[in-house]
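Trainee: I'd like to learn how to read a model like this one. Can we go through it together?

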Amino acid sequence: MMEPQERVTRAALAALDVAAKSFLSVDDLEEEIRACSARLIWRRAEQKAENRRQVAYHEAGHAAACTDAGIPFQLASIGTEDASTQPTLGRVVLSGPEPVDRFAVEAYVIMLFVGPAAERRHGNAFPASDLDNAHAVRLAQSLGFSDRARERFLALCVDLADDFARDSWPWISRVAEALLAHGRLTPADVLALRDVPLEAVA
Ligand SMILES: [Zn+2]
């Protein structure tokens, strides 16, 4: 993908080319460049909004999985949309101790993978999940598996995370939309969104 700067430069060069061929005036040329910039700004705002939705679905996946598995957390939040070019940040603040036994680790690792799973299900083919992945690998290592057993364990957890995202999709979607609307949700909010009566769902 071209960098925005490169895109502007190319657009300007293309406009120059058009100007040279058709003897456009400097005013026409400036108009052309302004139109290119406007398109670029619009596209950037569109990308930002989509990025914010992806983050909302990612965090909603974690929050729903925490609630389902009884993993304590303080809140789920998503950064406000601002004028900066930074991507939106979201997080689920976990409050309990790290798990130690096999089944608690499994539930925890599945919860970590549900974030990227929800993002994929929402339509992002390549969710950025480096932190979740590193965390999951570290927890799996704490179980003392061989490398092969660890890989199998992680693959199983990815599958179970996908299953959870599929089976809980209406719930995860409601949590994501509530996050987009309110910016932050308590565990009680997330729980309340699980059993919304069907007639209350748009
Ligand atoms: Zn995550």
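Trainee: Let me start with one residue: is Pro97 buried or exposed?

Mentor: Count the C-beta atoms around it. A residue is buried if 20 or more other C-beta atoms lie within 10 Å of its own, exposed if 12 or fewer, and partly exposed in between, with C-beta atoms placed from the backbone. Pro97 has 8 other C-beta atoms within 10 Å, so Pro97 is exposed. Pro97 sits in the loop between β2 (90-94) and α3 (102-122). Helices (H or I, at least four residues) and strands (E, at least two) are DSSP runs, numbered from the N terminus. As for Pro72, its C-alpha is 9.0 Å from that of Pro97, with their positions 25 residues apart in sequence.

Trainee: Before we go on, what sort of model is this, and how are residues numbered?

Mentor: This is a predicted model: local features need pLDDT of at least 70, side-chain atom pairs count only at pLDDT 80 or more, and totals for chains, interfaces and linings use all residues. Residues are numbered from 1 along each chain as its sequence is written.

Trainee: Which elements have the lowest and the highest mean pLDDT?

Mentor: pLDDT is the predictor's confidence in each residue, from 0 to 100. Helix α1 (residues 4-22) has the lowest mean among the elements, 61, and helix α5 (residues 147-167) has the highest, 97. For the protein, the average is 85, and 81% of the residues score at least 70.

Trainee: How many helices and strands are there?

Mentor: There are 7 helices and 3 strands. Along the sequence they run α-α-β-β-α-α-α-α-β-α.

Trainee: What share of the residues is buried?

Mentor: Of the 202 residues, 26% count as buried. His58, in helix α2, is an example: it counts as buried because it has 30 C-beta neighbours inside 10 Å. Val92, in strand β2, is buried too, with 25 other C-beta atoms within 10 Å.

Trainee: Which residues does Val92 touch?

Mentor: Two residues are in contact if their C-beta atoms, placed from the backbone, lie within 7 Å. Leaving aside neighbours within four places in sequence, Val92 is in contact with Glu59, His62, Ala63, Cys66, Phe73 and Ala76. Ala76 and Val92 are 16 residues apart in sequence, yet 4.2 Å apart from C-alpha to C-alpha. For His58, with residues up to four places away not counted, the contacts are Gly90, Gly115, Pro116, Ala118, Glu119 and Pro127. Across the protein, take contacts between residues at least 6 apart in sequence: 65% of them join residues at least 24 apart.

Trainee: Which residues have the most contacts inside the largest nonpolar core?

Mentor: In soluble globular proteins, nonpolar side chains tend to be buried together. A nonpolar core is a set of buried Ala, Val, Leu, Ile, Met, Phe, Trp, Tyr and Cys residues joined through C-beta atoms within 7 Å. Here the largest one has 37 residues, and Ala60, Val114 and Val175 have the most contacts inside it. Two or more residues come from each of α2 (26-69), β1 (73-78), α3, α4 (130-142), α5 and α6 (169-182). Helix α3 gives the most, with 9 residues. Val114 is in contact with Gly61, His62, Ala65, Ala161, Phe164 and Ala165, leaving aside its neighbours within four places in sequence.

Trainee: How do α3 and α4 cross?

Mentor: Two packed helices are described by the angle between their axes and the distance between the axes. Axes are lines fitted to C-alpha atoms, for helices over the stretch in contact, and angles run from 0 to 180 degrees between N-to-C directions. The axes of α3 and α4 come within 9 Å and cross at roughly 165 degrees. That makes the pair roughly antiparallel (under 35 degrees counts as roughly parallel, over 145 as roughly antiparallel, 65 to 115 as roughly perpendicular and the rest as oblique).

Trainee: And what are the angle and axis distance for α2 and α6?

Mentor: About 125 degrees, with the axes 8 Å apart, and α2 and α6 are therefore oblique to each other. On the α2 side the contact includes Ala60, and on the α6 side it includes Val175.
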